[in-house]
Amino acid sequence: IGGKGKVCILKGQMGTSGEMVCSAGFDRALKENPDVEVLETQAADWQTDKGLQVTETWLQKYSDIDAILAQDDPMALGAVKACQDAGKTDIVIIGRNGDSAALEAIKAGQMLLTVQSDPVGMGSKAAEVIDMAVNGEKTESNYATDNTVINKDNVDDFLK
């Protein structure tokens, strides 16, 4: 949305590690983009139907939503359905996970993007850290793996 506009945020189940990590990332991005206004944030518990219901309410409440940021693809897909039903095809919707249905929605122009984590890299790193700990080597408190942004330009690379 070009660093400015009004957004709503669909969160996962409050207090879960996924929700907290995503919220921290969103908070960091919002601080870097002070012209982005958060109209509302609500939990939709990682569920498509709740993402749909929450978005339907937002669409009735706000006439000027520029984007909906969802902490996972199922909630984003609920937002896509609500926006389609309301004829609001100009709202930018993003998700996370790289679910196949989200990839199809990106290809169809219904979602802007999804962010896919690296489960193979996470598993490999976890095994490496366990091996280090078992062998008495020093380990860090946190490790990170790369994420991949999937959008219209590269979605075909991820569709099977």
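Strand, helix, strand, helix: read along the sequence, the protein chain follows the pattern β-α-β-α-β-α-β-α-β-α-β. That gives five helices and six strands. Keep in mind that this is a predicted model.

Now the overall picture. The C-alpha atoms fill a box of roughly 60 × 35 × 30 Å, taken along the principal axes. The protein chain has 160 residues, and buried residues make up 35% of them. Next, contacts. Take the pairs of residues at least 6 apart in sequence. Of those contacts, 70% join residues at least 24 apart.

Let's go to helix α1, residues 17-32. What span should its 16 residues have? At 1.5 Å a residue, the answer is 22 Å. The end C-alpha atoms of α1 are 23 Å apart, so the model agrees with the expected span.

Which residues of α1 are buried? They are Glu 19, Cys 22, Ser 23, Phe 26 and Leu 30. Around the axis they cover an arc of only 105°, which puts them on the same side of α1. Here is the background for that. An α-helix has 3.6 residues a turn, so residues three or four places apart point the same way. Turn to the other side of α1. There, Ser 17, Val 21, Arg 28, Lys 31 and Glu 32 are exposed.

What covers the buried residues of α1? The cover includes four strands: β1 (4-11), β2 (35-43), β3 and β4.

Pick one residue from that buried side. Ser 23 lies in helix α1. Its relative accessible area is 7%, and the cut-off for buried is under 20%, so Ser 23 counts as buried. Leave out residues up to four places away in sequence, and Ser 23 touches Lys 11 and Gln 71.

Now helix α2, and the same checks. It has 14 residues, which should span 20 Å at 1.5 Å a residue. The end C-alpha atoms of α2 are 20 Å apart, which agrees. The buried residues of α2 are Gly 51, Val 54, Thr 55, Trp 58 and Leu 59. Seen down the axis, they fall within an arc of 140°, so they line one face of the helix. The face turned away from the buried side of α2 carries the exposed residues Gln 60 and Lys 61. And the cover over the buried residues of α2? It includes β1, β2, β3 and helix α3 (73-85).

Next, the largest pocket. Its volume is about 1100 Å³. It is lined by 35 residues, and the closest to its centre are Gly 25, Phe 26, Arg 96, Val 115 and Asn 147. Several elements give two or more residues to this lining: α1, β3 (67-70), β4 (92-96), β5 (113-116) and α5 (119-134). Which element gives the most? Helix α1 does, with 10 residues. So what kind of residues are they, by class? The lining has 21 nonpolar, 11 polar and three charged residues.

Phe 26 links two parts of this talk. We met Phe 26 among the buried residues of α1. Phe 26 is also one of the residues closest to the centre of the largest pocket.

Two backbone angles deserve a look. Most residues other than glycine have a negative phi, and most peptide bonds are trans. Asp 45 is not a glycine, yet it has a positive phi of about 55°. Where is Asp 45? It sits in the loop between β2 and α2 (48-61). Its relative accessibility is 24%, so Asp 45 counts as partly exposed.

The second one is Asn 97. It is not a glycine either, and its phi is positive, at about 130°. Asn 97 lies in the loop between β4 and α4 (100-107). With a relative accessible area of 31%, Asn 97 is partly exposed.

Last stop: the segment after β6 (148-151), where we find Asp 153. Is Asp 153 buried or exposed? Its relative accessibility is 68%, and the cut-off for exposed is over 50%, so Asp 153 counts as exposed. Now compare Asp 153 with Ala 43. They are 110 residues apart in sequence. In space, C-alpha to C-alpha, Asp 153 and Ala 43 are 30 Å apart.

Terms used
Residues are numbered from 1 along each chain as its sequence is written. This is a predicted model: local features need pLDDT of at least 70, side-chain atom pairs count only at pLDDT 80 or more; totals for chains, interfaces and linings use all residues. Side-chain values use heavy atoms; hydrogens and water are left out. On a 1 Å grid over the protein atoms alone, a cavity is a set of points where a 1.4 Å probe fits but cannot get out, and a pocket is an open set with protein on both sides within 12 Å along at least five of seven lines; lining residues have an atom within 4 Å of a point. Grid points are joined across faces, edges and corners, and a volume is the space filled by probe spheres set on the points. Ala, Val, Leu, Ile, Met, Phe, Trp, Tyr, Cys and Pro count as nonpolar, Asp, Glu, Lys and Arg as charged, and the others, Gly among them, as polar. The expected span of a helix is 1.5 Å times one less than its number of residues. Buried means under 20% relative accessible area, exposed over 50%, partly exposed in between (1.4 Å probe, protein chains only). The arc is that of the directions from the helix axis to the C-beta atoms. Contact means heavy atoms within 4.5 Å.
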